[in-house]
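Reader: I've just opened this one and don't know where to start. Could you walk me through how to read it?

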Amino acid sequence: MNKTLNRRDFIKTTSATTIGVVTVASGITLTTFASTNKVPVTNEKRWGMLIDTNKLTEADIDGMVSACQKEQGWGSELHSTGSQKPGWIKKVKVKDKATGKVSNLALMCQHCEEPPCVDVCPTNASMKREDGIVLVDKHLCIGCRYCMMACPYDARSFVHETLSNQKEHMPRGKGTVESCTMCVHKVDKGEVPACVTSVNSDAVIFGDLYDASSKINQTLKTVQSAQIRADLNLNTGVRYSGI
Amino acid sequence: MSNIRFEQIEGKSLGFYILVAGLGILVLAALGSVYYMEHHGHFVTGMSNRIVWGMPHVFALFLIVAASGALNVASISSVFNKKLYKPLSRLSGLVALSLLAGGLMVLVLDLGRPDRLIVAMTEYNFKSIFAWNIILYNGFFVVVAVYLWMMFERRMNKFSRKAGLVAFGWRLILTTGTGSIFGFLVVRQAYDAVIMAPMFIIMSFAFGLAFFILILMASYQWTNRPLGDAMVNRLSSLLGVFVAAVMYFVAVHHLGNLYLAENTGVENFILFDGGIYTKLFWYGQIILGGLIPMALIYHPVTKGNRSMLGLASVLIIIGGLIQLYVIIIGGQAYPMELFPGKEILEGYGGVAQYSASLPEISLGIGGVALAIIAVTFLVKFLAFLPESLADDVTGPHHKS
């Protein structure tokens, strides 16, 4: 039986074909994208950092700040005032009120296990990866700045102006919030954060807190260390000794 | 109350057009400011990484808080069955919605990415009080709009009391949410207090009623409609009680904080040695926004005088803005306790500096203008205002 193709049949056939192609293609695409991430991020690791303030010199901290700026491309904002410029990592000098002991340390996002910034973010832009790294999804951030109000470490910055010459791995955007990413782009490739590399001593140790064979795990078992604002029970990924 | 007739205003006088034009210019100035801030980025504002919420937030939260309070007059009528206030219910709902619209306009346009409003409406983190507030604000529009419909539509009148009850409950939760934005910020010494939620509720009662009284008196004066003393005096007494209640909560908040050693620093800052913030607290919030309005409302010489009640309402609004300035900006200016027991010599600390830029102030005022322009237009197109609130119309019920 020879049936001519009317308009209805044509639409039916082409729609079915289109849906089929789209379904298969999207499946292929998803598989392709997924396969690029060979090692999925799991909660079997917890990335952390131990900063020994007795070993860390002021020059070391300056070097850490510069390395972070160079790696992530912040700090060359033209219009922002001093208090508007971003500060992903900063040098802090503290004096014990009772003993007068002065300590220098590098302060950045502490990558909390219970991050207040993630709790308060209305759009889920502030998020914590399974391996403990706390990040901002630049596509979801609406720039409400509530996370900055909630962060106990003054670790987050708001981008106050239009930016140019950004790093490919770190898209930053006017009107969104940003902070230390623990150089997640390097960590995912098996490297260590830029600030850690810049220090020539073992004043800063980076690694997997859960891995019993890691240097950071072994060191933390033997030295006295502290979390900043430990009273808040945030279980920070960044630890300090000597303060 | 069958003898109450609601009627639109004519809205054809020169004064009406001058008012609308004036408010329109303020709204346009606000939009121009937004374009300027959005185009350049927030570096043109006084805000920084320490003072992240500036003058626009002061206005936005003030208007949002006042919005929920403006609904109180309707609630007193519907929920507590006070017949005197029934003729005012429609206007009360209108002022509430208008103030909320003005507040939200300011809040949204001060976002770093106002163009991503759709993200805020589609991506919810239900752990965030901010996300709850987005739902509460949008819900308030729906709840109050339905409530107004029940009041306007004769066939639906029988449901208006129930709708009023829902609206009353909603506004209480809404202001609890707004206060909790601060109350749950445990790391900031100035906030972190559960009392913030009830304090914001009582602040809303006072600010909202002050706005309502001004709008009521102005609209009756400018349209030559009778407004009796029974109504005005009752509202005046209510306003006085609300202002006293705000002062009580402020006193409990600060005295409670002084008792806790960890908060003595920030209390000293606000109450004694905080420079501009201390001055604003005592002269602006307490004297100008609290004691003087109470004196104007209760002193035998000024009691019952409408100009004095108008002045008291204006002072309560100014005092309310100052109160939110002290809470929001002062609370951020005082440094967080990053290292308890240690003094920070470099890298963080000290009192953060802030001075509001003109575009920030303009955006905030634009929100107020939007609220008033909305009321002005809608009373022209819908019958929100009773044609008379003279004592012989409202009088028979004023004791109930």
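Author: Sure, let's begin with a term: a polar contact is a pair of N or O atoms within 3.5 Å; within protein, one must be able to donate a hydrogen and the other to accept it, and residues adjacent in sequence count only if both atoms are side-chain atoms. Here, the side chains of A:H185 and A:E71 make such a polar contact at 2.7 Å. Before we go on: this is a predicted model, where local features need pLDDT of at least 70, side-chain atom pairs count only at pLDDT 80 or more, and totals for chains, interfaces and linings use all residues. Residues are numbered from 1 along each chain as its sequence is written, chains are lettered from A in the order in which they are written, and side-chain values use heavy atoms, with hydrogens and water left out.

Reader: Which other side chain joins A:H185 in a polar contact?

Author: That's A:H169, at 3.3 Å. A:H185 itself lies in helix α5 (residues 184–187) of chain A; helices (H or I, at least four residues) and strands (E, at least two) are DSSP runs, numbered from the N terminus.

Reader: How do I read two packed helices?

Author: They are described by the angle between their axes and the distance between the axes. Axes are lines fitted to C-alpha atoms, for helices over the stretch in contact, and angles run from 0 to 180 degrees between N-to-C directions. Take α8(B), residues 196–222, and α12(B), residues 306–333: their axes come within 9 Å and cross at roughly 145 degrees. Their contact (heavy atoms within 4.5 Å) includes B:F200, B:F207 and B:L214 from α8(B), and B:L309, B:I316 and B:Q323 from α12(B). The residues of that contact split into 17 nonpolar, 4 polar and 1 charged.

Reader: What are the angle and axis distance for α1(B) and α13(B)?

Author: Those two pack at about 145 degrees, with axes 7 Å apart. Their contact has 20 nonpolar, 5 polar and 2 charged residues. In these counts Ala, Val, Leu, Ile, Met, Phe, Trp, Tyr, Cys and Pro are nonpolar, Asp, Glu, Lys and Arg are charged, and the others, Gly among them, are polar.

Reader: How many residues of chain B are in contact with chain A?

Author: 52, and they meet 52 residues of chain A. Buried area is the accessible area (1.4 Å probe) that two parts lose on being put together, summed over both; for these chains that's about 4,500 Å², 57% of it on carbon and sulfur atoms. B:F43, B:N49 and B:K342 supply 15% of what chain B buries there, more than any other three residues.

Reader: How many salt bridges are found across the interface?

Author: The rule (a side-chain nitrogen of Lys or Arg within 4 Å of a carboxyl oxygen of Asp or Glu) finds 4. One joins A:D96 and B:K342, with the closest N and O atoms 3.8 Å apart.
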